[in-house]
Amino acid sequence: MDVRLRVVALAAILALFLVVLDLVRRRKLLERYALLWLFSALALIGLAAWGGLLSGVATAIGVVAPANALFVVAIGFILVLLLHFSIAVSRLTDQAKILAQRLALLEQRQRRLEDEGEEEEADRDYVSDRVSD
Amino acid sequence: MTVSRRSDNLAVVPAYNEAATIEAVVASIREARTDFDVLVVDDGSTDATSELAERAGALVLRLPFNLGIGGAVQAGFTFALEHRYERMVQVDADGQHLPHEIQVLAQAMDANPALDMVCGSRFITDTGYPAPISRRTGIHIFAFLLSRIVGQRVSDPTSGFRLYNRRGIALFARDYPHDYPEVEAVLMVHHHRLRMVEVPVEMRERGGGMSSITSGKSAYYMIKVLLALFVGLARRRPVPVPGEDAPVAAGHGI
């Protein structure tokens with residue numbers, strides 16, 4: 001792989017790695033979502049830095065140019081990450097649905113309790129009015 | 001103040017599908033410590049954990065779905081903060097922690113009121129706690145790292161058997177780590193200049209149910225907690241203090 005391309009690839013992946021770490025540090029990204037990013041970045045850094053490994057991968061998957069093998073692997077990681085997020089979004093959707101349902105039940109219960117409270121108050125007022133008459 | 005609060009101290013029992021043991025655990029805490037209210041946080045169990053806990057006389061928070069141990073315990077901290085409890089102790093639902101040992105934690109806090117967190121440790125003296133070797137190794141790696149970071153010996157960083165005062169409760173109600181939270185919690189205590197100490201306690205083998213940490217997952221958790229530890233080191237102030245931005249904020253643009 002061309003040295004210039006290798007340096008650019010390394011710099012870009014390293015920047016990604018550091019940005020992810022900083023996001024975790026600033027509490028914008030949970031560890032559980034950062035791990036896959038960090039793992040992907042580390043693997044790509046390994047491939048970009050170690051030419052022999054990249055050529056090996058290229059031969060193994062039948063890609064002529066090692067640089068293309070780097071893209072193939074990177075796309076593979078992107079697909080895995082996307083699937084990971086789809087799973088996470090599905091879970092969040094489920095949780096949001098359950099929260100909304102529980103909130104509706106809670107509001108209904110609260111209203112019922114308030115109504116009962118008002119009725120009792122009205123009853124008490126009525127009784128005390130009659131007693132004072 | 002609410003009707004539900006009967007005493008100044010709260011025992012929080014996070015429980016996820018612990019129907020086999022929860023009744024006995026709640027009963028034994030209530031028997032050993034009449035000065036503690038017992039709150040079971042049912043972390044989205046699909047079995048009768050909530051009903052059995054209520055029957056045994058515990059207050060019960062029922063989470064609408066499984067949040068994981070960190071989220072469940074944080075619900076306990078929030079409850080303790082809201083109801084102004086003076087002290088809170090965490091007791092596991094599997095019967096691992098012995099309620100009469102709460103006394104050991106409480107005495108340490110009585111002896112030194114400056115302490116914000118007292119942790120029960122299995123490894124200060126050899127109590128013969130039967131932990132598998134892989135688990136022990138993980139615990140000892142965290143113990144080694146944490147001891148160096150906080151400059152104080154931490155022998156059992158994964159122990160959940162801990163007593164907190166109001167400052168400890170307030171800190172962790174604001175922010176508590178997600179899964180496997182005990183290790184990071186030690187680091188947070190250190191960063192916020194709260195004080196902690198470990199005291200030796202005995203623990204039993206689990207009474208029933210499954211440990212939340214299976215061997216397959218433990219490697220994953222180890223890496224995650226290590227990441228959290230090292231990133232935590234780079235945080236100037238790891239959690240928001242009053243007056244700072246909200247922990248979950250809209251941010252700009254996104």
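Biologist: How many helices and strands are there in chain B?

Modeller: Chain B has eight helices and seven strands. Bear in mind that this is a predicted model.

Biologist: What share of the residues in chain B is buried?

Modeller: Of its 254 residues, 41% are buried. Buried here requires 20 or more other C-beta atoms within 10 Å of the residue's own.

Biologist: Which residues in α1(A) are called buried?

Modeller: A:A9, A:I13 and A:V24 are buried there.

Biologist: How do you know that the span of helix α1 of chain A agrees with what it should be?

Modeller: The helix covers residues 3–25, which is 23 residues. At 1.5 Å a residue it should span 33 Å. Its end C-alpha atoms are 33 Å apart, so the two agree.

Biologist: What follows α1(A)?

Modeller: A:R27, with a positive phi near 60°.

Biologist: Why is α3(B) called oblique to α6(B)?

Modeller: The axes of α3 (residues 69–82) and α6 (residues 166–174) of chain B cross at roughly 125° and come within 8 Å. Angles of 65 to 115 degrees count as roughly perpendicular, and those over 145 as roughly antiparallel. The crossing angle fits neither class, so α3(B) is oblique to α6(B). The crossing is left-handed.

Biologist: Which residues meet there?

Modeller: From α3(B), B:Q74, B:F77, B:T78, B:A80 and B:L81. From α6(B), B:I169, B:A170, B:F172 and B:A173. By class, the contact has seven nonpolar, two polar and no charged residues.

Biologist: How many residues does each chain give to the contact between chain A and chain B?

Modeller: Chain B gives 11 and chain A gives 12. The chain B side has eight nonpolar, one polar and two charged residues.

Conventions:
Residues are numbered from 1 along each chain as its sequence is written. Chains are lettered from A and ligands numbered from 1 in the order in which they are written. This is a predicted model: local features need pLDDT of at least 70, side-chain atom pairs count only at pLDDT 80 or more; totals for chains, interfaces and linings use all residues. Helices (H or I, at least four residues) and strands (E, at least two) are DSSP runs, numbered from the N terminus. A residue is buried if 20 or more other C-beta atoms lie within 10 Å of its own, exposed if 12 or fewer, and partly exposed in between; C-beta atoms are placed from the backbone. Two residues are in contact if their C-beta atoms, placed from the backbone, lie within 7 Å. Ala, Val, Leu, Ile, Met, Phe, Trp, Tyr, Cys and Pro count as nonpolar, Asp, Glu, Lys and Arg as charged, and the others, Gly among them, as polar. The expected span of a helix is 1.5 Å times one less than its number of residues. Axes are lines fitted to C-alpha atoms, for helices over the stretch in contact, and angles run from 0 to 180 degrees between N-to-C directions. Angles under 35 degrees count as roughly parallel, over 145 as roughly antiparallel, 65 to 115 as roughly perpendicular and the rest as oblique. A crossing is left-handed if the near helix is turned anticlockwise from the far one by less than a right angle, and right-handed if clockwise.
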